[in-house]
Amino acid sequence: MTQGDKTVLIVVLLVVLLVGGFIWLWKNHSQVTDVDVPQVVIEVNGEIKEQFPLTDLEPGDRRQIEGALGYSVVKGGENKVMMVESPCPDKICIGMGWISHPGEAIVCLPNRVIIRVIGSDKLDLDGVSQ
Amino acid sequence: MRKTTMKVAVLLVLTVIWLSGCKRAPKEAHRTEFLMDTTITITAYGSQSEQAVEAAFAEMRRLADLMNANDSNSEVALINKNAGLKPVRVSPETFKLLEMSLEYSELSNGAFDVTVRPLVELWGIGKKDKYVPSEDEIQQVLKLVDYRKIILDPQKRTVFLSVPGMGIDLGGVAKGYAADQAKEVLKKYKVNSALIGAGGNIWAMGVRPDGQKWRIGIRHPRPETGNQLMAVLPCQDVTVVTSGDYERYFVRDGMRYHHIFDPRTGRPANKLISATVVGTNSAEADILSTALFVLGAEQGQTLIGKLEHAGAVLMTPESQVFKAGSHLSELELVYEEGKTSDARR
């Protein structure tokens, strides 16, 4: 191996380590934001309208969602969320109470609104049978 | 530069790329649609996941059009319209589901019965305003509720409701069947990891993309007790279906009236507040969850015991939980005891 060969090898090694390190950092970073904090997803008619960390919703905070019939309103609690107002006739969505675990969802069929919690927590749910 | 150096350099680069996990993750496709009076959500993983989900929804839309009793163009509506008049020729899918329904009506001694439609219309839960029919009205309508009065002709593939005024409703089985068919479509597109949710009927296909088992929660039927969940089931390649008295209901004079009727009494079934079935056929699990809900804990466990390939988790109004059958060895009960006070309401 000549001196030139060695230099090339060292440069290649350095570049590779640097790029590899960045990829590793980026992957871990995105895992922290994606998985560790449960997110609230608001869907209307199957389309995602809003997504934010559950912790963004302070106790008492309210958010309005425009659905097929009118406005649904969700309220935040201690790391949980529930439906408090809905233009639907049966108000089943309000009766569902609080949700907080990823995998749980509140569905309001008449107003075409779905509130879901995604991400992961100690229960680590993928879905809920109800 | 010598060839060997070049080789070493290339090898080095490849190794680091491999170590940093640059292999292609399975592509995720996720979609929700409103179908069959509920929401259907599919999350699928695989190289053709997008096309797979598209095709699965197309199939479910087709089935919804055939089987929705409230759509006057559906086969089911046509069968109902011709009650007491003449047999109606139907698609193989509708015929197969009716055959299956009758089989389980027999097996459950009529606890599951697709001819409950006149009862559903009489009570109008979720439509009429807290209406409780009189005993007389109920007895009149009960004369029309009897699965033995459906006449199937496998040769001609026809369905005949033999008494005028009879009506069938496949609501207790069609969602499960649609989920089964969606699963088959996903398989054709080489998806082997997916979660299908059809209004609380869940199909957990394969395992999660990270290789772990799926974790499916079972909703606690009384969230006002402070419990959102009753149990968690780690599972793979099973379907989980729950029937509860909390989906469509009203409370009048302290009594809860809900949408799952006992076809024998004509009133909302009251022996259980939640019945979950775990199995490998979602149409069957859908039927069974309704049948068990009506039968109650004791007879329900006997029925599950006869079947061998399904499991059940049942909760009584006194919030006692019963487990029976297969697929439940890893079930975790997660609710807090003593928090349920007045479960009947």
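## Briefing: two chains, two domains and how they pack

In this predicted model, strand S4 (residues 150-153) of chain B pairs with strand S5 (residues 158-161) of chain B in the antiparallel sense, over four bridges. Chain B itself splits into domain 1 (28-65 + 172-333) and domain 2 (74-168). Chain B also touches chain A, with 44 residues of chain B in contact with 36 residues of chain A. Here's the tour, topic by topic.

**The S4(B)-S5(B) hairpin**

- Four residues sit between S4(B) and S5(B), and the two strands form a hairpin.
- One residue to look at in the turn is B:Arg157, which has a positive phi of about 55°.
- To get the register, start from B:Ile150: its bridge partner in S5(B) is B:Leu161.

**Where the two domains of chain B meet**

- Taken over C-alpha atoms, the centres of domain 1 of chain B and domain 2 of chain B are 23 Å apart.
- On the domain 1 side, 25 residues of chain B are in contact with 22 residues of domain 2 of chain B.
- Several elements of chain B give at least two residues each to the side of domain 1 that touches domain 2: helix H2 (49-67), helix H7 (174-188), strand S11 (249-252), strand S12 (255-258) and helix H8 (282-295).
- The largest share of that side of domain 1 of chain B comes from H8(B), which puts in six residues.
- Sorted by class, the side of domain 1 of chain B that touches domain 2 of chain B has 15 nonpolar, five polar and five charged residues.

**H8(B) and its helix neighbours**

- H7(B) packs with H8(B) at an angle of about 160°, and their axes are 7 Å apart.
- With an angle over 145 degrees counting as roughly antiparallel, that makes H7(B) roughly antiparallel to H8(B).
- The crossing of H7(B) and H8(B) is right-handed.
- From H7(B), the contact uses B:Lys175, B:Gly176, B:Tyr177, B:Ala179 and B:Asp180, while H8(B) brings B:Ser282, B:Ala283, B:Ala285 and B:Asp286.
- Those contact residues of H7(B) and H8(B) divide into four nonpolar, two polar and three charged.
- Helix H4 (residues 92-107) of chain B packs with H8(B) too, at an angle of about 35° and with the axes 11 Å apart.
- H4(B) also passes H8(B) in a right-handed crossing.
- Here the contact residues are B:Leu97, B:Met100, B:Ser101 and B:Tyr104 of H4(B), together with B:Ala283, B:Ile287 and B:Ala291 of H8(B).
- By class, the contact of H4(B) with H8(B) has six nonpolar, one polar and no charged residues.
- Keep an eye on B:Ala283: this residue of H8(B) is listed in the contact with H7(B) and in the contact with H4(B).

**Where chain B meets chain A**

- On the chain B side, at least two residues each come from helix H1 (3-19), strand S1 (28-35), strand S2 (38-45), strand S6 (193-198), strand S8 (214-219), strand S9 (229-235) and strand S10 (238-244).
- H1(B) gives the most to the side of chain B that touches chain A, with seven residues.
- In terms of class, that side of chain B has 20 nonpolar, 14 polar and 10 charged residues.
- Strand pairing runs across the two chains as well: strand S8 (residues 127-129) of chain A pairs with S8(B) in the parallel sense, over three bridges.
- Within that pairing, A:Gly127 stands opposite B:Ile216 in S8(B).

**A three-stranded sheet in chain A**

- Chain A has an open sheet of three strands, in the order S3-S4-S5, with antiparallel pairing.
- At the edges are strand S3 (62-66) and strand S5 (81-85) of chain A, each pairing on one side only.
- From one strand to the next, the twist averages 35°.
- S3(A) and S4(A) pair in the antiparallel sense over five bridges, and a hairpin joins S3(A) to S4(A) through four residues.
- For the register of S3(A) with S4(A), take A:Arg63, whose bridge partner in S4(A) is A:Val74.
- Strand S4 (residues 71-76) of chain A and S5(A) pair in the antiparallel sense over four bridges.
- For the register of S4(A) with S5(A), the bridge partner of A:Val73 is A:Glu85.

Conventions. Residues numbered from 1 in each chain as written. Chains lettered and ligands numbered in written order. Predicted model: local features only at pLDDT ≥ 70, side-chain atom pairs only at ≥ 80, totals over all residues. Domains from an automatic or database assignment. Contact = placed C-beta atoms within 7 Å. Nonpolar A, V, L, I, M, F, W, Y, C, P; charged D, E, K, R; others polar. Axes fitted to C-alpha atoms, helices over the stretch in contact; angles between N-to-C directions. Parallel < 35°, antiparallel > 145°, perpendicular 65-115°, else oblique. Left-handed = near helix turned anticlockwise from the far one by under 90°. Pairing = 2+ DSSP bridges.
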